[in-house]
Amino acid sequence: MAEARKVPQGGPGNRGMRGMGPRPKNIKGVLPKMLKILFKEFGFAYALVFICIVISAAGGVIAPAFLQQITDNILTPTLKGELLDWETKLISVIFVMIGIYALCLIANTIQSQILAVVGQRYLNKVRQQLFNKMQSLPIKYFDSHQHGEIMSYYTNDVDSIRQFVTQSLIQFVQTFLSLFYTICLMVHYSLWLFILILLGALVMTQITKKIGGKSSKYFVQNHKATAEMEGYIEEMMHGQKVVKVFCHEDEAKERFDDLNETLCKAATSANHHGNTLMPIMHNIGNIIYVLVAIVGCTLVINHIPNLALFFKNEEGKLIIAGFNTLSVGIIIAFLSMSRNFAQSIGNVSQQVSMVAMALAGAKRVFDFLDEPSEEDHGYVKLVYANYDENGNIVESEKRTGMWAWKHPHQDGTITYTELKGDIVLDMVDFGYVPEKQVLTDVSIYARPGEKIAFVGATGAGKTTITNLINRFYDIQDGKIRYDGININKINKSDLRKSLGIVLQDTNLFTGTVMENIRYGRLDATDEEVYAAAKIANAYDFITRLPEGFNTMLTADGTNLSQGQRQLISIARAAIADAPVMILDEATSSIDTRTEALVQKGTDELMKGRTVFVIAHRLSTVQNSDAIMVLDHGRIIERGNHEDLIKQKGTYYQLYTGAFELE
């Protein structure tokens, strides 16, 4: 199984072998992008959050100052008998503390409420951008990337960004503010003790930088491994029947175990480095705490001032002048501040892992958002039209049953060409990748109302031709003209609006039967839905469903048979009422009895339209105006059924059973 999962070298035929998505090489520049979106969309709200952080951070470091005040101005003088009204002073200090902490409580409450709203709206914005980008990507992207990989952008990666926006960023700012306040208070109390703590902080910073850098690298690998595993799980869920039919459960488990082990190793390495930081920071903080106690007591006993100036007098004696002589209260405050300082550094180190995870997820999200969207330089539009009294085609605002190409020219004039369904492929060459050509010198002429059939083995290029007609891919050489207009000039959405497609793989969406049929034209009335169902020969079986047209379909319509799903797909194409139809092996996976119903529905659908049919069952293409026999991307025979039978070539041998399509 491991060898089977390679990067695709072809096109849609490699649906089961999609490659992985963008691999984040580094996270440089990701943080500015995240902050730009954050402050652009929620600048005012985050300004309020930062005000609350300033208040709460100040409240978090004010306790040591109160300890110093109580010790030096109340407790010590009282013990010495120098302060008689200590109760009044103590009560006033307590009330001040209560007031400050009440303010901090209000600030924290406001902060948490704002973040709860901002965090979800930010994620809403990111998910919206992801989905909008997904809708703008070319089909080529989905043919070459696992769907589980894309899903991981919406789940794991977005959740990592949520943690950054609502937790890590706030804690980073709050911690740095706490450090700033603490440093100011330390310098005010004792420069010597601050220098001691600063040396310890430098050691902690270097350790954080070294271990945190490795943690960041491993978290990037962790996100990549998670996406690969989710992609494989999605693939196995989709292909569970195939796995069981071929008894490959053990091989599937083995492949999953490999991916799971890779994820486990990446996650273990990331969390190993991330979780190593906190114990190291904690123990370094304990060492600093002890050193502060020893050095502080020494300074107090020897009456060393906070900031000392050394100079000699006229007699040559050394004079020491200073201020803010250390006291017991200052030492107690410093011990508390050293603990807060070490804890703040530890919090920063802990958040390094969270930020690394968030930046890794954000890198993948932004790589996805930076994927090139499907280009469309078409300027010819499809409009409702009718004829005026002079027989000229004019544009109409209402649906008239007639369509026209609105073609603006450089001189400012506009011409209207009736949409008839005249499609010409002239010497077309194409390859999904440059080194492998799929179609070579393909020329096809489909006149309005004709039915053109493609016959050939899998990989001959039949589906590729239809992908080129609707411009899921662009040709490398040659021309494709639609009613005489180069399709490169036609706006892609207007081009596809003129094409009705019934695929072999029927994609039904969660919703009612009526909603699935109406998906072909959202403004269709209920009566038009009923009419489309009758055209597709689906009306009878739909009315026999438990709730008729209101029957809910889920999981791609698994509560229906394959033939019923295909009939709904035909009804969806019928309601679109497109002048050109593409039927891609619409009857290849259903039984003979249901095929007759589907064939009857498609025959009704094809009336008056230009139709391209891809079929393995030659019985479905015998009434075609022209049959193209393809082999390795070339048309080797063409003609109607009778002509090809007379030629006694490849088609004749296929029809008589001498050759098999596969």
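These notes walk through a predicted model of one chain, from its overall make-up to its sheets, helices and a few single residues.

1. **Overall make-up.** The chain has 662 residues, and 46% of them are buried. It contains 18 helices and 18 strands. The exposed area comes to about 33600 Å². Carbon and sulfur atoms supply 58% of that area.

2. **Contacts along the sequence.** Take the contacts between residues at least 6 apart in sequence. Of these, 73% join residues at least 24 apart. Point 8 gives one pair of residues far apart in sequence.

3. **The H2 and H3 helix pair.** Two packed helices are described by the angle between their axes and the distance between the axes. Helix H2 covers residues 63-79, and helix H3 covers residues 86-136. Their axes lie 10 Å apart, at an angle of about 175°. H2 is therefore roughly antiparallel to H3. On the H2 side, the contact is made by Ala-63, Phe-66, Ile-70, Asn-73, Ile-74 and Thr-78. H3 contributes Trp-86, Lys-89, Leu-90, Val-93, Val-96, Met-97, Ile-100 and Tyr-101. By class, the contact residues are eleven nonpolar, two polar and one charged.

4. **The four-stranded sheet.** Strands of a sheet pair through backbone hydrogen bonds, either parallel or antiparallel. This sheet is open, with the order E4-E3-E5-E6 and antiparallel pairing. Which strands are at the edges? They are E4 (393-395) and E6 (414-418), and each pairs on one side only. Neighbouring strands are turned by 50° against each other on average, direction ignored.

5. **Pairings within that sheet.** E3 and E4 are antiparallel and share three bridges. Here Asn-386 has Val-394 in E4 as its bridge partner. The two strands form a hairpin, with five residues between them. Gly-391 sits in the turn and has a positive phi of about 85°. On to the next pair: strand E3 (residues 381-387) joins E5 through four bridges, again antiparallel. Val-383 stands opposite Ala-404 in E5. Strand E5 (residues 403-408) also runs antiparallel to E6, with five bridges between them. In that pairing, Lys-406 is partnered by Tyr-416 of E6.

6. **The six-stranded sheet.** A further open sheet has six strands in the order E12-E15-E16-E9-E17-E18. Its pairing is mixed. Strand E12 (499-502) and E18 each have a single partner strand, so one side of each is left without a neighbour in the sheet. The average turn between neighbouring strands is 20° here, direction ignored. Strand E9 (residues 451-455) and strand E16 (residues 610-614) are a parallel pair, joined by four bridges. Phe-454 faces Ile-614 of E16 across that pairing.

7. **Helices against the six-stranded sheet.** Helix H10 (residues 462-469) packs on this sheet. It touches E9, E12, strand E15 (580-584), E16 and E17. The direction of H10 makes about 145° with that of E16. Helix H15 (residues 562-576) lies across E12 and E15. H15 runs at about 180° to E12.

8. **Gln-129, a link across the sequence.** Gln-129 is in helix H3, the helix that packs with H2. Its C-alpha is 7.4 Å from that of Leu-369, although the two are 240 residues apart in sequence. Which residues does Gln-129 contact, leaving aside its neighbours within four places in sequence? They are Ile-37 and Leu-369. Gln-129 has a relative accessibility of 26%, so it counts as partly exposed.

9. **Asp-441.** This residue lies in strand E8 (residues 439-446). Its phi is near 55°, a positive value in a residue other than glycine. Asp-441 is partly exposed, with a relative accessible area of 42%.

10. **His-632.** Phi of His-632 is near 50°, also positive in a residue other than glycine. His-632 is in the loop between strand E17 (626-631) and strand E18 (634-639). Those two strands belong to the six-stranded sheet of point 6. Is His-632 buried or exposed? It counts as exposed, at 67% relative accessibility.

Terms used:
Residues numbered from 1 in each chain as written. Predicted model: local features only at pLDDT ≥ 70, side-chain atom pairs only at ≥ 80, totals over all residues. Heavy atoms only, no water. Pairing = 2+ DSSP bridges. Axes fitted to C-alpha atoms, helices over the stretch in contact; angles between N-to-C directions. Parallel < 35°, antiparallel > 145°, perpendicular 65-115°, else oblique. Contact = heavy atoms within 4.5 Å. Nonpolar A, V, L, I, M, F, W, Y, C, P; charged D, E, K, R; others polar. Buried < 20%, exposed > 50% of the residue type's maximum accessible area, 1.4 Å probe, protein only. Areas by Shrake-Rupley, 256 points an atom, 1.4 Å probe, with all protein chains shown as cover.
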